[in-house]
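Me: I would like to learn how to read a ligand site and a metal site. Could we go through one together, step by step?

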Amino acid sequence: MKPYKEIISPKALLVNDVQNDFCPGGSLAVSACTEIIAPLNRYIKLFSSNGFVVFVSRDWHPKKTKHFKAFGGKWPAHCVQQTKGAKFYPGLKLGKNVFLLSKGMDPGKDSYSAFDAFDANGRSFLKILNKLRVKELYLGGLATDYCIKQTAIDAINNNFKVYLLIDAIRGINPFDSEMAVKSVMSKGAKLAIFEETKENLKSFKRSVSK
Ligand code: VGL
Ligand code: ZN
């Protein structure tokens, strides 16, 4: 991977939390998780082969956190650091050039949003996005009703254009997920699917190479 300062990526893909615990067999499984693996792999390939940056976030909790039921929170234990449940789902093809982000390490916070995530050097997602001069964020992964929703809201509030990749996001609760999509669309997020995104990326590249 090139140092950040050599990369400019007006568009970026973010693959949220596609980890074993959020997939079938995991402690907080989103049953439809398997439907989005192939689409996510296509998106990862599309963005990276066209020179755009791919971020991959992981939920990365300590054993004890207020996020878990046992300590006053909402959720069964999941994505505990260094466990199998926290590993990326094996079907996901990440490649070497993705930017890894971790979130949920603070035991006092839920930290659903990728804007609460950091890279291995402690740089925040927002700082990295600004360094890479990202203007548009394409969101895929899990879960529509939590991480995707909160990330989309934070992105919009930080003046990014947001696309929800509807063929590559799924939620914990289908009704809440539908409400989440409506809510972020009312704040300005757009929906997109693969073919459309492919055209969008290609026409952008044509326009800058003229
Ligand atoms: C998430 C529930 C609990 C998410 C994380 O990333 O959407 N949801 N922890
Ligand atoms: Zn979590």
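Reply: Start with a polar contact, a pair of N or O atoms within 3.5 Å; within protein, one must be able to donate a hydrogen and the other to accept it, and residues adjacent in sequence count only if both atoms are side-chain atoms. Here a polar side-chain atom of aspartate 59 lies 3.1 Å from a nitrogen atom of ligand 1. Histidine 78 also places a polar side-chain atom 3.1 Å from a nitrogen atom of ligand 1.

Me: How much of ligand 1 does the protein bury?

Reply: Accessible areas come from the Shrake-Rupley method with a 1.4 Å probe. Ligand 1 taken alone exposes 260 Å², and the protein buries 100% of that.

Me: What should I know about the model and its numbering?

Reply: This is a predicted model, where local features need pLDDT of at least 70 and side-chain atom pairs count only at pLDDT 80 or more, while totals for chains, interfaces and linings use all residues. Residues are numbered from 1 along each chain as its sequence is written, chains are lettered from A and ligands numbered from 1 in the order in which they are written, and side-chain values use heavy atoms, with hydrogens and water left out.

Me: Which protein atoms are the donors of the zinc ion (ligand 2)?

Reply: Donors are N, O and S atoms within 2.8 Å of the metal (3.2 Å for Na, K and Ca); water is not among the atoms, so sites may look incomplete. For the zinc ion (ligand 2), the protein donors are Asp59 (OD), His61 (NE2), His67 (NE2) and His78 (NE2), at 2.1 to 2.2 Å from it. Their spacing in sequence is D-x1-H-x5-H-x10-H. Histidine 61 and histidine 78 both lie in the loop between β2 (53-59) and β3 (99-103), so this pair ties together parts that are 17 residues apart in sequence. Strands (E, at least two residues) and helices (H or I, at least four) are DSSP runs, numbered from the N terminus.

Me: Where is alanine 143 found?

Reply: Alanine 143 is in the loop between β4 (136-142) and α3 (144-157). A cis peptide bond joins leucine 142 to alanine 143, with omega about -15 degrees. A backbone N or O atom of alanine 143 lies 3.2 Å from an oxygen atom of ligand 1.
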